[in-house]
Amino acid sequence: MAQWWGREARGGGGTSVVVKMESPDWAIVPRSEAAAAGGKAGRGKNARQITWVLLLKAHRAAGKLTGAASAALSVAAAARRRVAAGRTDGDDDAGAAPPGESPALRTRFYGCLRGFLLLSVLLLAVDVAAHLQGWHLAVDVPDLLAVEGLFAAGYASWVRIRLEYLAPALQFLANACVVLFLIQSADRLILCLGCLWIKLRSIKPVAKSGGKSSDDVEAGAGEFPMVLVQIPMCNEKEVYQQSIGAVCSLDWPRSNFLVQVLDDSDDAATSALIKEEVEKWQREGVRILYRHRVIRDGYKAGNLKSAMNCSYVKDYEFVVIFDADFQPQPDFLKRTVPHFKGNEDVGLVQARWSFVNKDENLLTRLQNINLCFHFEVEQQVNGIFLNFFGFNGTAGVWRIKALEDSGGWMERTTVEDMDIAVRAHLKGWKFLFLNDVECQCELPESYEAYRKQQHRWHSGPMQLFRLCFVDIIKSKIGFWKKFNLIFLFFLLRKLILPFYSFTLFCIILPMTMFIPEAELPAWVVCYIPATMSLLNILPAPKSFPFILGSAYEWVVTKKSGRSSEGDLVALVEKQSKQQRVGSAPNLDSLTKESSNIKKDLRKKKHNRIYRKELALSFLLLTAAARSLLSVQGIHFYFLLFQGVSFLVVGLDLIGEQVE
């Protein structure tokens, strides 16, 4: 029978009672008894609730532990497959040196690493033997000479050589790198403070005339300037449809923009597919042209230069460049082109990149962290305070007059985008960076592709600096702009940063473990790098793996814009409504094409062992073991982390997809 507690009543003597009603009878119970009964029930209910909460938390923790264990097993299995396969970066074409890198130089560098590794293992064995004899770092050479035996005499000679010859030179190099390290850290800190100031004051470029709706575009096309859109590509079989479709769907009067598909493909089948896609959009009424070069002089720079020499280019005021894997939003032109109106000295408006595959694996997450810092901090701060930054080569709008005034595209370096930006800056043109306008693209998902990309990005700036140095000195720009170009833009960020970071933390630091008379303070090894790393992570905290991301975020969702064989197959399976309007792809031919691509990738793409990275990993781990003899805890943990990081890269696990 149902029962409940009724109203509270008070007796004549002021005693509080509670009416307990049980159908069909009822009774009066003293309040103390009622409270005791209710307290027991409440305590039982609270105990059950706490138990369920604890069980739920335990279930979640078990799920995370299971996911972490599964991921660890997957990584271990992948490592075993790498070792069992025995493929290295010297096998087949995939291990070939990037363009401009000497194979002989790679071989010598690998030989030096192996030599240092063997020497470090030998020194570690000697130091362990000396430590077992009780010859610690505090022992003097005369004390060692007093000990009889060949080993004691040899170790005493080694300690003397360290003290008199090796330690002073190594300490000098360490101090020089520390000075560079402090300069670079100060530069990064100033950039972060500038970004914070921009956030607090809500500073951003504002267009003098906002964009219009689609109806306004059709009604008043004469108010919209003429825009030339260029898509340079070369053998882009996987992404040509998405990129062409995205550009042709830009919300701009069709009579006021022309698309140039600049195809440098040397594969006839790929060229035929791209040409067919262009013709398809032509039938939809889009003003789009297909240009194919048989002789690829100058690569991308030569391709763009050839396109700008067309006679009809004089009818256009602006030119927009999108690489083949970039997919702009329909309102891209409406959010960028208006910034030129009323700003006749603005030569470039650059949008930031966003990445459709940023959570694909550890490699893409780390790239996303670095590039988010590059765009949100470096590009934005330099754009706001200096009106100058390096052109990213894509997702930017140029005033054609600025390009012509700067001398146009030149094939003299591999960084043609940086080249044209520097020359335009020397001519007095200003750049705007729009942090709130994004253009989707892809990140390299394999270490091999990433390595070649980074070599291309870092090998050209010094060559460009040699070519531009005299022009910078003779230019009419202000002293501080010359200082920024020479010391900050080129020397510090393009030369010193890559040089000192590797030299300090991967060469000098391990050497100080074997030559302990030369020291690196803990604040250089730990505190400042940790602070700089934290600042680097702030623009993209969710991309930092293992700390701010859930274990379940490692499950990757395929995306239609990705240039991989899995995405191409997924694209076929999607509904036609998910395709961009008017693209009308031939799904049957696409299915056949994707199956062929899958077969080719199975034959050609292999995970490999990267020998230089693996040798450097063992060198760092050996130095970490040596640091234990010196009781240098922070140095040990830093070297251990560095060694494991290079081990992951050397076994090609950084690009492994963990599900």
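Which residue stands opposite Gly396 in β10? In the predicted model, that position is taken by Gln350. The pair belongs to the contact between strand β9 (residues 346-355) and β10, which is antiparallel and comprises 3 bridges.

Both strands are part of an open sheet of 8 strands, ordered β6-β5-β4-β7-β10-β9-β11-β8, in which the pairing is mixed. The edges of this sheet are formed by β6 (288-292) and β8 (327-328); each has a single partner strand, so one side of each is left without a neighbour in the sheet. At the β6 edge, the partner is strand β5 (residues 257-263), which runs parallel to β6 and is joined to it by 5 bridges. Within this pairing, Leu262 has Arg291 of β6 as its bridge partner.

Further along the strand order, β4 (residues 227-233) and β7 run parallel and are connected by 4 bridges, with Val229 matched to Val320 in β7. Strand β7 (residues 318-321) also pairs with β10, here in the antiparallel sense and over 4 bridges; in this case Phe318 has Arg399 of β10 as its bridge partner.

The side-chain environment was examined for β7 and β10. Strand β7 is covered on both faces: Phe318 and Val320 lie on one side, Val319 and Ile321 on the other, and all are buried. In strand β10 (residues 396-399), Gly396 and Trp398 point one way, whereas Val397 and Arg399 point the other way, and all of these residues are likewise buried. Arg399, the bridge partner of Phe318, is thus among the buried residues of β10.

Methods: Residues are numbered from 1 along each chain as its sequence is written. This is a predicted model: local features need pLDDT of at least 70, side-chain atom pairs count only at pLDDT 80 or more; totals for chains, interfaces and linings use all residues. Side-chain values use heavy atoms; hydrogens and water are left out. Two strands pair if DSSP finds at least two bridges between them. Helices (H or I, at least four residues) and strands (E, at least two) are DSSP runs, numbered from the N terminus. Buried means under 20% relative accessible area, exposed over 50%, partly exposed in between (1.4 Å probe, protein chains only).
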